[in-house]
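This report examines two features of a protein model: enclosed space in its interior and the two sides of one helix. Please keep the structure in view while reading.

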Amino acid sequence: MSSNGLRGKWRKQPFHIHGILILYSLIALAPVAVICINAFKTRSGIFSAPLALPNGETFSLIGFQTVFRFSQYPLYMLNSLIVTLASIALILFLGSMAAWALSEYRFRGREAIGVYLAIGIMVPVRLGTVSLIQIFNSIGLINTLAALIIVYTAQGLPLCIFLLRQFFSQIPHAFVDAGRIAGANEFKIYKLMLPLVRPALGTIAVFTMLPIWNDLWFPLILAPAENKKTIILGTRHFLGQFISDWNAVIAALFLSMIPTLIIYCIFSRQLISGLTKGGVK
């Protein structure tokens, strides 16, 4: 559906529906707003009036100064970007190829493979933590970003394959036949079909990015070295058992939100299209 059609349907909705949607948006953005406000305040300003805007007495950049002075924050940010972007790229590439094969080709065991991959959505990878540590230790990948990329790719593939298989199955088979008649090989046909499922690719990219970016478990057990820490693990540097530097913690969280917002803005149109495809006629 075109953007004009979506705007028309939005205008036709009852007023109370608009109010509910706006209310939900405000509730979702409230924690983000609180972090943005308190990232530029003194410690006393944070605890005395956490919802108030910074003023001449409470405004301070001490949190950002602490983050960059006492931690390798740019390195943590770079590690998180490498792990997240590499994992998303592998998930989309491998998942789209597997989904295309399962939706296009008829072979014995196809449904069994589909069920096996779907089970991966319900069984969390964390259940195999001990085995993963043993495997990565035996092949020398402990304290490497490669270990995190492999785990996150395996974690995101089942959902990616499950969703893309549904989208690929909705493509008219006449398009595929036309490509074969034109002499295109199977890989070229696969590349020609990818733009047709671009909304699904954008949706999967956003939904797989957030768990990877915000994960603490696997970076803590697979890559705890100082030069391999991700941004969430690095933020724990300012959290202590008896005292915590909340200025630095909130400043680090504020900085960590920026890449996720940028990636969301890049894929927002595809995300909305992927979520509404089939639901809006």
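In this predicted model, a search of the whole structure finds 1 cavity of 30 Å³ or more. The volume of the largest cavity is about 40 Å³. Its lining is formed by Ser80, Val83, Thr84, Tyr152, Ile212, Trp213, Asp215, Pro219 and Thr230. Two or more of these residues come from each of the helices α5 (73–104) and α11 (198–213). Helix α5 gives the largest share of the lining, 3 residues. By character, the lining divides as follows.

| Class of lining residue | Number of residues |
|---|---|
| Nonpolar | 5 residues |
| Polar | 3 residues |
| Charged | 1 residue |

The second feature is helix α7, which spans residues 129–138. Which residues of α7 are buried? They are Thr129, Leu132 and Phe136. These buried residues lie on the same side of α7 because they cover an arc of only 55 degrees around the axis. A general rule of helix geometry is relevant here. An α-helix has 3.6 residues a turn, so residues three or four places apart point the same way.

Which residues are exposed on the other side of α7? Val130, Gln134, Asn137 and Ser138 are exposed there. The buried residues of α7, in contrast, are covered by elements that include α8 (145–169) and α12 (217–222). Just after α7, Gly140 adopts a positive phi of about 75 degrees.

Terms used. Residues are numbered from 1 along each chain as its sequence is written. This is a predicted model: local features need pLDDT of at least 70, side-chain atom pairs count only at pLDDT 80 or more; totals for chains, interfaces and linings use all residues. Side-chain values use heavy atoms; hydrogens and water are left out. Buried means under 20% relative accessible area, exposed over 50%, partly exposed in between (1.4 Å probe, protein chains only). Helices (H or I, at least four residues) and strands (E, at least two) are DSSP runs, numbered from the N terminus. The arc is that of the directions from the helix axis to the C-beta atoms. Contact means heavy atoms within 4.5 Å. On a 1 Å grid over the protein atoms alone, a cavity is a set of points where a 1.4 Å probe fits but cannot get out, and a pocket is an open set with protein on both sides within 12 Å along at least five of seven lines; lining residues have an atom within 4 Å of a point. Grid points are joined across faces, edges and corners, and a volume is the space filled by probe spheres set on the points. Ala, Val, Leu, Ile, Met, Phe, Trp, Tyr, Cys and Pro count as nonpolar, Asp, Glu, Lys and Arg as charged, and the others, Gly among them, as polar.
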